[in-house]
Amino acid sequence: MSAPDEGLCSHCFLSIGRRPMRVMVNGKSRAFCCYGCCIAFQVKSGKSEEWDAAWILIRVGVGGFLSMNIMLFSILLYTGAFTGADASALPGIELLLWILATPAVVILGGPFLVETWSNAIRGRLTSSALIVVGVGAAYAYSALAVVEHSGRVYFDTATMVLMLFTVGRYLEAVGRARAARDLEPLLAAESECATVVDGETEHRRSVREIDAGMRVLVRPGERIPVDGMVLEGESWTDEAVITGESRHVGKNVGSPVMAGSINLDGPLLIRSSGPGTATRWAQICRSVRDALSRRGATQRLADRIVAAAVPLVLALSLLTVLYWAHRLPFDRALLVGLAVLVVACPCAVGLAAPLATSIGIGRLARCGCLVREPGALEALARTRSIAFDKTGTLTLGEARVVNIETEGVEANEALARAAGLERHSEHGLARAISLAAAARGLKPVVTREVRIVPGRGILGSAEGQQVAAGSGPFMSDLGWSLEPSLSARARSQEAAGHSVVYVGWGGRVYAVLSVDDSTLPEARATIDALRDRQLNVTLLTGDIAAVAQRIAAAIGIDDVEADLSPEAKRAGLDRRRRFHKVVAMVGDGLNDGLVLAEADVGIAVGSATDLARETAAIVLPKNGFWMLPWVVDVARDVRKTILTNLMWAFGYNIIALSLAALGVLQPILAAAAMAGSSILVVANSLRLAGLPDPSPSLPRRPKPETSGRRVSPILGPAIEPG
Amino acid sequence: MAYYLILFAAGFAGSFHCVGMCGGFACALGRDGRGRSATLLRHLLYNTGRLTTYCFLGALAGAFGQVICTPQGSRVPLLGDSFDVAQRTVAIVAGLLMICMALQFFGHLRVFHRLSVGFAASTLAVALRSLLVAQGVAAPLAFGVFNGFLPCPLVYAFAAEAASSFRPLAGVLTMAAFGLGTFPAMLMMGGIGRILTPVWRQRGVTFAGGYILLLGLITLGRGIAPMTGHAAHAWAGGHFG
């Protein structure tokens, strides 16, 4: 967890940095990243009845009233309404403007001044300092002009700059909150309340106080706050946030429910199965919060640029004033300097990366993909090489009968006899054989006097004959005959990396079953889709070469390294890094933690392990392998958005700065354009939230409960008759 | 002056429309516990806030009209024509806008209504409700300021009229006349509550629609026919011409 003062803004969930703005709202202390978020939060929470502190809105409203009056009179002044006969009213109007401007500057400029001051005493200059210096200069000059009855007054400039910056920050904050919409359900785990039913009474409690065994009522439309089991009620739930599963899941008495899923239609009474802070949802929440409050590489660079820019801009503005003071009246020179200060305010630069990243994280989260490091998306976007682990990533991770070779009998007969024997065994191969028989609807032949020979095979008697299943040597030991053609086929199956089980009865071997871990049905399409995205695909596995080659051929990977220890896998990654600079590694997060940590982007698929111990930067949901190309797309869009944001922000700043320094840009227009620039960055980033869902054209794995007989769209039926 | 009196009357008539939405705010602003004068102050401040926003919009609209219609490059003879063209374009756009608003008042063009009321009711108004119940002198003023920015076909229509005056001062006065026209009804709503029957409100709205339609036609005429335009301008804005 990050330090408490490195938290997230209550409004837009962006990192608040080291100097948050703390405000009491509804009796709770809230931290905001900026003044705009503070206003927007108050406007938003104004919907609730108990909300009582409207002071910021009142300030903005009164500030608006004053500055609009000032602007009104100033427009009339500029357009020559007070010339000729009305000229005698001029000093009075100027005095009136001063009287109106003083409270306006205090009210609107206060937050900027406070921010500047609290940074200044820590020896830092922020962009607020630019506004304070600029507005302060315009105000002081105008006040002097009123007192001395000399020159023009620029109270309108001072107040309108403040007003535009305030409105700009507000609009920016509103946009940022829209960006955070996808993150809200993930971050709600910590602040969520649950309705605890204790006998006849119900009371609201924080999720943190929930423990195992408590009964919790979840009304329709509410989020289920804890993991547990349904005691009463029937409903549909939406578990997308946790599992990425977009289909609704039906729940009735006895069904397990997951914290973070939404109860859609009926009330559910559930019994909590553990503490509210130990749910996967709470873990996800902590992990996302952590990722959001840290800063990626681009962000750190932007921060440094912003920090360096402020003193530079101050100096530049001073030089501009000095330069123009020789050529223009002093008030005009001052105005040019003010325009430089206002227009060079690097707000948009600071916003470019974190906003796009947090929207990208939110977009992925909506489909159950978790990003644990802010830099991971940028790194994934840059990578040209993806390495895969095999077992559990490209394969199902469980043994299946993939081939049956027979000699003189039906495959089904051999399988039924083998299944009759193997149902007495706990071995992984035995389970595969039993499942295969069940999948074909075969009834295992009743077998008695079963004896297991450890490491070799299993022996029994059925229908008055001795039946055996096991290794080749086991059959030799029994002295059973084996047809040379069947033996040859068995050897070729072994050479392809399969485990083979010989099945025989009555002194002769009749069949050879090949058992293997089979590839994911969606693996080939996913790999093809990645290759379409100009990614170099590699298989790095600890398994033997024959198996690796066969799997790689099946799913279309050419670059294979087998027999690798974890260290050798790391070396393999290093070699690829030399060519491709940034490499990503995809694993199941169980036995490849080291390698995932070593890669520039570690991606874990469907990991059931504790999130806190995981080393992957990106975690895809269970059965979410097919989403990988989409995740790459989102990452690339995020990076593109960050770059366009930065290009816009820098390009705009440089052009506008030049115009301002040349005296072409009015300060008020500069402030409007400046606010517009930040809003454009927000709008550009918001496009990310509208990215399409992962493409359904990629084949999805059928749900486990409906997959009695798996037929792969790529490999055909799992078991081919011999 | 007669021109502004017409605008004031249009504002007054149109305020029966305001009663529908903004009147709700005025009612919600309610009475001050400290007595009648405090209540009156509260409502005056609210309406002052609203009026300020209207005047500001009027000044901006007028300045906008002036900026695009001021012949800046008069050294080039051709621009004399384009100045005229710009002025006419603004007048035509403003006139058409006002006619649309008027038609909407008569019950046609519902889409405008849905757009404005839907947006206002859902976002800003709901969000700002907290300001209505907040105590203190400044809250009603602040609410009035925000209220003035709520999308409203009446405000759009008069802002268009302000833009076609091509002068900030005329723009301010246009909006001020309109805003002051809405004062009586709005103050009444605050003080007396809903005393107006829907029938009377509908009559007021139709009346306002007629006024705005007339103004729109005159403005449009200024853009289209040169002779009528001059005549209308002389009639409508003669005192500052």
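**Strand pairing, helix packing and a salt bridge in chain A**

In this predicted model, three strands of chain A form an open sheet in the order S8-S7-S10, and their pairing is antiparallel. Strand S8 (249-251) and strand S10 (262-263) of chain A occupy the edges, each with a single partner strand, so that one side of each has no neighbour in the sheet. Strand S7 (residues 235-238) of chain A is joined to S8(A) by three bridges, the two strands running antiparallel, and within this part of the sheet Ser235(A) is placed opposite Lys251(A) of S8(A).

A further antiparallel pair is made by S15(A) and S16(A), which are joined by four bridges. In this pair Arg448(A) stands opposite Ser461(A), a residue of S16(A). The two strands form a hairpin in which three residues lie between them, and Gly455(A), in the turn, adopts a positive phi of about 80 degrees.

The loop of this hairpin also takes part in an ionic contact, in that Arg456(A) forms a salt bridge with Asp477(A), with 2.5 Å between the closest N and O atoms. Because Asp477(A) belongs to helix H15 (residues 472-478) of chain A, whereas Arg456(A) lies in the loop between strand S15 (448-453) and strand S16 (457-462) of chain A, the pair ties together parts that are 21 residues apart in sequence. Over all chains, the structure holds 20 salt bridges.

Helix packing was examined next. The arrangement of two packed helices is described by the angle between their axes together with the distance between those axes. For helix H5 (residues 155-179) and helix H11 (residues 347-365), both of chain A, the axes come within 9 Å and cross at roughly 30 degrees. Since angles under 35 degrees count as roughly parallel, H5(A) is described as roughly parallel to H11(A). On the side of H5(A), the contact involves Glu172(A), Arg176(A) and Ala179(A), which meet Leu351(A), Leu355(A) and Ile359(A) of H11(A). The residues of this contact comprise four that are nonpolar and two that are charged, with no polar residue among them.

Helix H21 (residues 628-661) of chain A contains 34 residues, and the distance of 49 Å from its first C-alpha to its last is close to the 50 Å expected at 1.5 Å a residue. Just after H21(A), the backbone at Gly663(A) takes a positive phi of about 85 degrees.

Methods
Residues are numbered from 1 along each chain as its sequence is written. Chains are lettered from A and ligands numbered from 1 in the order in which they are written. This is a predicted model: local features need pLDDT of at least 70, side-chain atom pairs count only at pLDDT 80 or more; totals for chains, interfaces and linings use all residues. Side-chain values use heavy atoms; hydrogens and water are left out. The expected span of a helix is 1.5 Å times one less than its number of residues. Axes are lines fitted to C-alpha atoms, for helices over the stretch in contact, and angles run from 0 to 180 degrees between N-to-C directions. Angles under 35 degrees count as roughly parallel, over 145 as roughly antiparallel, 65 to 115 as roughly perpendicular and the rest as oblique. Contact means heavy atoms within 4.5 Å. Ala, Val, Leu, Ile, Met, Phe, Trp, Tyr, Cys and Pro count as nonpolar, Asp, Glu, Lys and Arg as charged, and the others, Gly among them, as polar. Two strands pair if DSSP finds at least two bridges between them. A salt bridge is a side-chain nitrogen of Lys or Arg within 4 Å of a carboxyl oxygen of Asp or Glu.
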